[in-house]
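Hi there,

Here is the structure I promised to pass on. Have a look at it first, and then read on for what I found in it.

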Amino acid sequence: MQPYKLTTDYTPKGDQVKAIETLADNVAKGIREQVLLGATGTGKTFTMSQVINRLKKPVLVLAHNKTLAGQLYSEFKEFFPENRVEYFISYYDYYQPEAYVPSRDLYIEKDAQTNDEIDEMRHSATASLLERRDVIVVASVSCIYGIGDPEEYKKATLTVRQGETLERDTLLNKLVDMLFVRNEIDFERGSFRVKGDVVEILPTYQKERAIRIEFFDDEIERIRAFDIITGEIIEDYSVLTLFPATQFVTDKDKLKEGVRRIETELKETIARFEEEGRLVEAERIRMRTNYDIELLEEIGTCKGVENYARHLSLREEGETPSTLMDFFGGEYLLIVDESHVTLPQVRGMYNGDRSRKQTLVDYGFRLPSALDNRPLNFDEFLEKIDQVVYVSATPGDYELARTDHVIEQIIRPTGLLDPYVEVRKKDNQIDDIVTEIYRRIEKKQRTLITTLTIKMSEDLTSYLKELGIKVAYLHSEIKSLERIEIIRDLRLGVYDVLVGINLLREGLDLPEVSFIAILDADKEGFLRSSRSLIQTIGRAARNVDGNVVLYADHITDSMQIALDETNRRRAIQQAHNEQYGIVPTTIVKKIRDAIRVKIETEAPALSQLASLNKKQRAELLDNLNKEMRKAARDLDFEKAAELRDLIIEIRASD
């Protein structure tokens, strides 16, 4: 395989050196599971890039949300410009799953809007995995959903060679079998057009680069790639492999057998409903399924074809579906980023999906086989792992129990220490916090305050406002884009203080924050567990003056664990700085421009949306969609995700 080639001006520093060597050696030895315990801001992505650079197999990087996946994709793309770095997330900008609410007799049809750029990237990922081994795929947990059998996908590929004898009509029939659509007018992904002895094909994993196959009689005379906008020739090929237009492919024999199995299950389901006296459900499933069967027989697909995946791939009931993980060929490295969050999310997806579909099956909207169109359950997920590195500042008990190979990365390249943490009594805590806030304001620094209840957050915000302190309250009802604006305003100094309940969400990378107050730290629970406390404390680790105060009347076990771990890390970091004469410096991070979408010459704030008429809303949504797609093309996935959330919010408010 082509080796990975890491491109960077950085060199490993501190305990990055030891972490890289240990992780890489363990992978080479065949160690199946490892944990990289990396403190916030220690360069965990850079460390894993160094490990990948020594590999000779593909890599799957798993993140728990699209925003984080986008950040990782951009970073790995910069580190490995000469290798294939792919992005595989859900391609829905808007997704309303099919559902039925029995108590209201309400059927909700599946409604979705797909993102063409992301769909292109998904196809590019599967194509790359079949073409070469130097591939890094950054994926969200949507990668554990079934996408079709990789063996059938491989069988459906078409390889053409210059000088090969091949009839033009044979090529066209093969393209139709691969589910390409002939379209002479609108040349879009997954289509082809014919001009005499020239066939032009636009693969699903390309958008602007098409393939032109030129015939001389029944011989392929030339194969070229060209720009569909300018017509400029980009590259000539002697051999070219084309991949199917969809990841759900099956051959004609399998399709025929699949339809037969669907018909058999339909008869059994109708008979069962009729025996139970449920004639409405029997008629419903008969009409819906027969319509789908007719479409499958005529054009090879239908709306909701994924619900018949078990039959079309000839799997048995309960059999594990094929997912992106199967395209890696069995030997690969899995990197689970923020494993303490990602693994529980993977574990919970199966049951949530099954609950919704079971209702559809019970009331005759879907055949029972639809239950096998599902994500992997957790045991199946584990079985598909070859080698894995769990990456987190606070690994979960599950990861730590799976392996003895826990590699620590505590030293930051900037020399920054974990913040100084202390416990103070609750008596006069508000006066104490106000004093600390004024100290930070004098230094042009910011403060975060986290509470346990909405009422406490609201009351504290009101009190601080009365004192003339510039404060904002960040809560769950604040929309996504407004949340980003508030965080940006905090960094700019529009606000000096941010109050909230859960300030652990991604995006809170705030070098200006030097003081964090954690109220009711002695109330054991999810938001005051040892991991949550350590994560919250880490928010002050990007400022040289970082200080965290836990307000409590007594020290709980979780508090003690967080205190001990933070002090342990500080001691290691301090000793390293003293040994090498390193002076810690606050991280400097550029403040991004706010996202504003114009209607003609105006840029409405979220609070102004209610005053827009129907035409203005339509224009706004159109502009937002264009901006979102542009952001995706520019690989600015954070911005694309923010715009997607805003689109959803505007639609929901209609």
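**Pairing around β21**

Let me start with one pair of residues: threonine 447 has valine 497 in β23 as its bridge partner. Please keep in mind throughout that this is a predicted model.

The same two strands supply another pair, since leucine 448 has leucine 498 in β23 as its bridge partner. Strand β21 covers residues 446–450 and strand β23 covers residues 497–500; the two run parallel and are joined by four bridges. β21 also runs parallel to β24, and here five bridges make the connection. On that side, isoleucine 449 stands opposite alanine 517 in β24.

How many of the five residues of β21 are buried? Five of the five are, so β21 is largely enclosed by the rest of the structure. Its side chains go two ways: Arg446, Leu448 and Thr450 point one way, Thr447 and Ile449 point the other way, and all are buried.

**The six-stranded sheet**

β21 belongs to an open sheet of six strands with parallel pairing, in the order β20-β25-β24-β21-β23-β22. The edge strands, each pairing on one side only, are β20 (420–424) and β22 (471–474). On average, neighbouring strands of this sheet are turned by 20° against each other, direction ignored.

Two helices to look for here are α14 and α16. Helix α14 (residues 454–466) lies across β21, β22 and β23, and runs at about 170° to β22. Helix α16 (residues 530–537) lies across β20, β21, β24 (513–518) and β25 (547–551), and its angle to β24 is about 150°.

**The seven-stranded sheet**

There is also an open sheet of seven strands, again with parallel pairing, in the order β3-β8-β2-β17-β18-β1-β19. Its edge strands are β3 and β19 (406–409), each of which pairs on one side only. Neighbouring strands of this sheet are turned by 20° against each other on average, direction ignored.

At the β19 edge, strand β1 (residues 33–38) pairs with β19 in the parallel sense over four bridges. Leucine 37 stands opposite glutamate 408 in β19. Helix α1 (residues 16–29) packs on the sheet and touches β1, β17 (333–337), β18 (387–392) and β19; its direction makes about 155° with that of β19. Helix α3 packs on the sheet as well, touching β2 (59–62), β3, β8 and β17, and its direction makes about 170° with that of β3.

At the β3 edge, β3 and strand β8 (residues 135–139) run parallel and are joined by five bridges. Phenylalanine 88 stands opposite alanine 139 in β8. Strand β3 (residues 84–88) is mostly covered, with four of its five residues buried.

**A closer look at α3**

Helix α3 (residues 66–79) has 14 residues; from its first C-alpha to its last it reaches 20 Å, close to the 20 Å expected at 1.5 Å a residue. Which residue caps its N-terminal end? Asparagine 65 does, with a side-chain oxygen 2.7 Å from the backbone nitrogen of leucine 68. The buried residues of α3 include Lys66, Leu68, Tyr73, Phe76 and Phe79.

**Two single residues**

Serine 124 has its place in helix α4 (residues 116–131). Is serine 124 buried or exposed? Its relative accessible area is 16%, so it counts as buried, the cut-off being under 20%. Not counting residues up to four places away in sequence, serine 124 touches Glu86 and Tyr205.

Valine 194 is in strand β11 (residues 191–195). Valine 194 is buried too, because its relative accessible area is 11%. Leaving aside neighbours within four places in sequence, valine 194 is in contact with Arg168, Leu172, Arg182 and Glu184. The C-alpha atom of leucine 172, 22 residues away along the chain, is separated from that of valine 194 by 8.9 Å.

**The protein as a whole**

The protein has 19 helices and 25 strands. It has 654 residues, and 51% of them count as buried. Of the contacts with a separation of 6 or more, 75% are between residues 24 or more positions apart. The protein exposes about 30300 Å², with carbon and sulfur atoms supplying 48% of it.

Best wishes

Technical notes. Residues numbered from 1 in each chain as written. Predicted model: local features only at pLDDT ≥ 70, side-chain atom pairs only at ≥ 80, totals over all residues. Heavy atoms only, no water. Buried < 20%, exposed > 50% of the residue type's maximum accessible area, 1.4 Å probe, protein only. Contact = heavy atoms within 4.5 Å. Areas by Shrake-Rupley, 256 points an atom, 1.4 Å probe, with all protein chains shown as cover. Expected span 1.5 Å × (residues − 1). Polar contact = N/O pair within 3.5 Å; in protein donor to acceptor, adjacent residues only side chain to side chain. Pairing = 2+ DSSP bridges. Axes fitted to C-alpha atoms, helices over the stretch in contact; angles between N-to-C directions.
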